[in-house]
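Trainee: Please take me through one part of this model at close range. Keep to what can be computed from the atoms.

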Amino acid sequence: MRLLKQGLDFYLNSSIHVAFSVVALSCITFFEFDLLFNKNLLFFIFFASITGYNFVKYYGIAKWHHRHLTRWLKVIQVFSLLCFLAMCYFAFRLPLKTLAIILAFGVLTFFYAIPFLPKKMYLDEHKNLRNISGLKVYVIALVWAGVTVFLPVVNENYILSTDVWITFFQRFLFVIVLTLPFEIRDLQYDDLKLSTIPQKTGVKQAKIIGVILLMAFFFLEFFKDQLKITQIMALLIISFFAMLFLVFTKKNQGKYYSAFWVEGLPMAWLVIILLFD
């Protein structure tokens, strides 16, 4: 049992779980627009997600405590390096137009963790996008939506139609909702200057905002030129489950409530689509 728990903790802490979720959202885009699945792109997204997330999560720790790193963090560092090499391999198998978009979101991710802004814009000594008041959730949602919608579409030469932009905005809203349980969980740890949604509105109002965003996420589907009943049903079901997880979110939640169950909702969405298909 202990070994199983250690394996699960590594799976979550090394960002494998979140990488599968990003890949799942990318697969949903392939299904929605009837695109041919590109394995090279999906493998790239998987390894890039691990590399990017671990870079953001552990950059500060590795920088300041590299001589005193715990064993598990050293393992994650080695694992992340291998994922970075795999990411580079699959990047060379993608067209230049796709790499251009990847570069844009890669730069955004880089500056999300690395200090670069004028001192007057910082919340604290970290001096990066992540710590600008109220910006964190929107940067995360922008990167997730951009990677999981634009990369599959552009890579497969699909036009950036109105439906694509609506899907991008839907994905943006969905990711914001998924971050709310994390922000509620972290209320006792986050600097007040971060101005997260729960910090600014309170837990109850944050949940109401999340429900409203989920409603917008669902009803935006009816503004598309091409409507699919299976897609609408899948959206309705995943919106319902996301709402349940949001409503039952507490400050003192279980260790795996957000990190495993909420983070895994994109994979559940993909499974629902596969069942309908």
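Mentor: Ser15 sits in the loop between H1 and H2, where helices are DSSP runs of H or I with at least four residues, numbered from the N terminus. The model is predicted, so local features need pLDDT of at least 70 and side-chain atom pairs pLDDT 80 or more, while totals for chains, interfaces and linings use all residues. Residues are numbered from 1 along each chain as its sequence is written, and side-chain values use heavy atoms, without hydrogens and water.

Ser15 is not a glycine, yet its phi is positive, about 70°. Most residues other than glycine have a negative phi. Ser15 is buried because its relative accessible area is 1% (buried is under 20%, exposed over 50%, partly exposed in between, with a 1.4 Å probe and protein chains only). Asn157, in the loop between helix H6 (136-155) and H7, also is a residue other than glycine with a positive phi, near 60°. Asn157 has 59% relative accessibility and therefore counts as exposed.

On one side of the Ser15 loop is H1, residues 2-13, which contains Leu8. Leu8 is partly exposed, at 28% relative accessible area. Leaving aside residues up to four places away in sequence, Leu8 touches Tyr256 and Phe260 (contact means heavy atoms within 4.5 Å). The C-alpha atoms of Leu8 and Tyr256 are 9.7 Å apart, although 248 residues separate the two along the chain.

On the other side is H2, residues 16-32, whose axis comes within 8 Å of that of H12, residues 265-276, with a crossing of roughly 35°. Axes are lines fitted to C-alpha atoms over the stretch in contact, with angles from 0 to 180 degrees between N-to-C directions. The crossing of H2 and H12 is left-handed, meaning that the near helix is turned anticlockwise from the far one by less than a right angle. H2 contributes His17, Phe20, Ser21, Ala24, Leu25, Cys27, Ile28 and Phe31, and H12 contributes Pro266, Met267, Trp269, Leu270, Ile273 and Leu274. By class, this contact has 12 nonpolar, 2 polar and no charged residues (nonpolar: Ala, Val, Leu, Ile, Met, Phe, Trp, Tyr, Cys and Pro; charged: Asp, Glu, Lys and Arg; polar: the others, Gly among them).

Cys27 of H2 is buried, at 10% relative accessibility. The structure holds 0 disulfides, a disulfide being a pair of cysteine sulfur atoms within 2.5 Å.

Note on methods: Helix = DSSP H or I, 4+ residues; strand = E, 2+ residues; numbered from the N terminus.
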